[in-house]
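User: I'd like to learn how to read helix packing, cores and odd backbone angles in a model. Can you walk me through one?

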Amino acid sequence: ESGWFEEVLDQLSDEWLFIPNEANNDDDNNERDKPMESKMPSNKRDDDDAAAAGPFGVEARDTDDLFLGGGNGGVFFDYSASNIENAPFQGSLGPLLLDAAVERAKQRYPRVIAIGDVHGCIDELQDLLRLCDYQPGDLVIFLGDLVCKGPDSISVVQMAREIGAMGIRGNHDFEVVRWYQAIQSGVDPPVVGSEHFHIASCLNKADMKWLYSLPWYISSKDLGALFVHAGLVAGIRLAKQNPRLMMNMRSILPDGTVT
């Protein structure tokens with residue numbers, strides 16, 4: 001009540017408690033009958049003024065965008081294209097930082113780290129990368145079977161995608177892709193629980209797209225290396241190799257039979 005005008009308190013006392021005031025004349029009564037809001041302070045501003053004003057009473061040139069038109073009343077820097085000449089580094093700070101990161105990566109001689117058969121073991125994968133002293137700029141190539149058997153296949157695929165790793169499609173990865181395509185086609189889930197089905201159901205769109213993009217093999221002339229999950233049949237050109245064998249081959253018998 002301390003913020004109210006004294007005459008307003010007197011008026012409320014008269015009206016609510018019915019305290020007679022014999023000393024008031026007609027002019028006082030007329031004055032008392034006026035609307036109370038006319039006697040109370042008002043913080044209401046004109047709607048147009050309120051819309052045009054930004055924080056701290058600074059006029060905002062664009063109330064629809066937090067970062068343009070003076071940055072919501074000048075609180076934030078104006079990042080609009082028209083103000084690029086006044087921006088730090090004339091808007092080229094991002095590319096400069098990227099170039100610096102690339103140069104630092106080149107100076108430490110980036111490596112190619114090939115890792116096979118993670119099988120959903122995210123903790124062991126992280127331990128292995130620490131042991132290898134993995135740093136940004138290094139290229140990790142997964143040699144297939146990132147998923148199944150282990151406790152967290154979802155996190156393995158997510159981590160592989162987020163660090164920009166490459167990979168080869170293994171037989172378990174292939175089964176997850178097949179189940180994802182079946183789910184998209186409306187096929188009923190398996191009667192008996194399938195780990196491949198569960199993983200295909202839980203992977204988000206970005207991770208599933210990364211897994212689907214894995215090739216059967218990777219050939220690098222610069223490294224003089226050929227990356228494949230299972231194996232290749234000798235005497236057959238790469239383009240003619242059987243994808244099923246590249247994912248599932250275990251051995252080749254003396255008579256040439258692939259098992």
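**Helix packing first**

Analyst: Helices α7 and α10 are roughly perpendicular to each other. Keep in mind as we go that this is a predicted model.

User: What angle and axis distance go with the packing of α7 and α10?

Analyst: To call a pair roughly perpendicular, you want an angle of 65 to 115 degrees. Here α7 (residues 153-162) and α10 (residues 205-212) pack at about 75 degrees, and their axes are 9 Å apart. On the α7 side the contact is made by V157, Q158, A160 and R161, and α10 brings A206, D207 and W210. By type, the residues of this contact split into four nonpolar, one polar and two charged.

User: Moving on to the core, how should I think about it, and which residues touch the most other members?

Analyst: The general idea is that in soluble globular proteins, nonpolar side chains tend to be buried together. In this model the largest nonpolar core has 27 residues, and I115, L125, F142, L146, V176 and L211 touch the most other members. Two or more residues each come from β1 (112-115), α6 (122-131), β2 (139-142), α7, α8 (171-184), α9 (195-202) and α10.

User: Take L211 from that list. Which residues is L211 in contact with, leaving aside its neighbours within four places in sequence?

Analyst: Those are R169, D173, V176, V177 and L203. There's also a second, separate core of five residues, with I141, L143, I168 and F227 among them.

User: Now a charged residue: is D138 buried or exposed?

Analyst: Check the relative accessibility against the cut-off: buried means under 20%. D138 has 6%, so it counts as buried. As for where D138 sits, that's the loop between α6 and β2.

User: What does the side chain of D138 pair with?

Analyst: Look for polar partners. The side chains of D138 and R111 are joined by a polar contact of 2.9 Å. A polar atom of the D138 side chain also lies 2.9 Å from the backbone nitrogen of Q135. Setting aside neighbours within four places in sequence, D138 is in contact with R108, P110, R111, I113 and D133. For a spatial reference, D138 and A165 are 27 residues apart in sequence, and their C-alpha atoms are 9.1 Å apart.

User: Last one, backbone angles. Which phi value should I look at for D117?

Analyst: The thing to scan for is a positive phi in a residue other than glycine, and D117 shows one, near 50 degrees. D117 lies in the loop between β1 and α6. With a relative accessible area of 39%, D117 is partly exposed.

User: And what is phi for K149?

Analyst: Near 80 degrees, again a positive value in a residue other than glycine. K149 is in the loop between β2 and α7, and at 60% relative accessibility K149 counts as exposed.

Definitions and conventions. Residues are numbered from 1 along each chain as its sequence is written. This is a predicted model: local features need pLDDT of at least 70, side-chain atom pairs count only at pLDDT 80 or more; totals for chains, interfaces and linings use all residues. Side-chain values use heavy atoms; hydrogens and water are left out. Axes are lines fitted to C-alpha atoms, for helices over the stretch in contact, and angles run from 0 to 180 degrees between N-to-C directions. Helices (H or I, at least four residues) and strands (E, at least two) are DSSP runs, numbered from the N terminus. Angles under 35 degrees count as roughly parallel, over 145 as roughly antiparallel, 65 to 115 as roughly perpendicular and the rest as oblique. Contact means heavy atoms within 4.5 Å. Ala, Val, Leu, Ile, Met, Phe, Trp, Tyr, Cys and Pro count as nonpolar, Asp, Glu, Lys and Arg as charged, and the others, Gly among them, as polar. A nonpolar core is a set of buried Ala, Val, Leu, Ile, Met, Phe, Trp, Tyr and Cys residues joined through side-chain atoms within 4.5 Å. Buried means under 20% relative accessible area, exposed over 50%, partly exposed in between (1.4 Å probe, protein chains only). A polar contact is a pair of N or O atoms within 3.5 Å; within protein, one must be able to donate a hydrogen and the other to accept it, and residues adjacent in sequence count only if both atoms are side-chain atoms.
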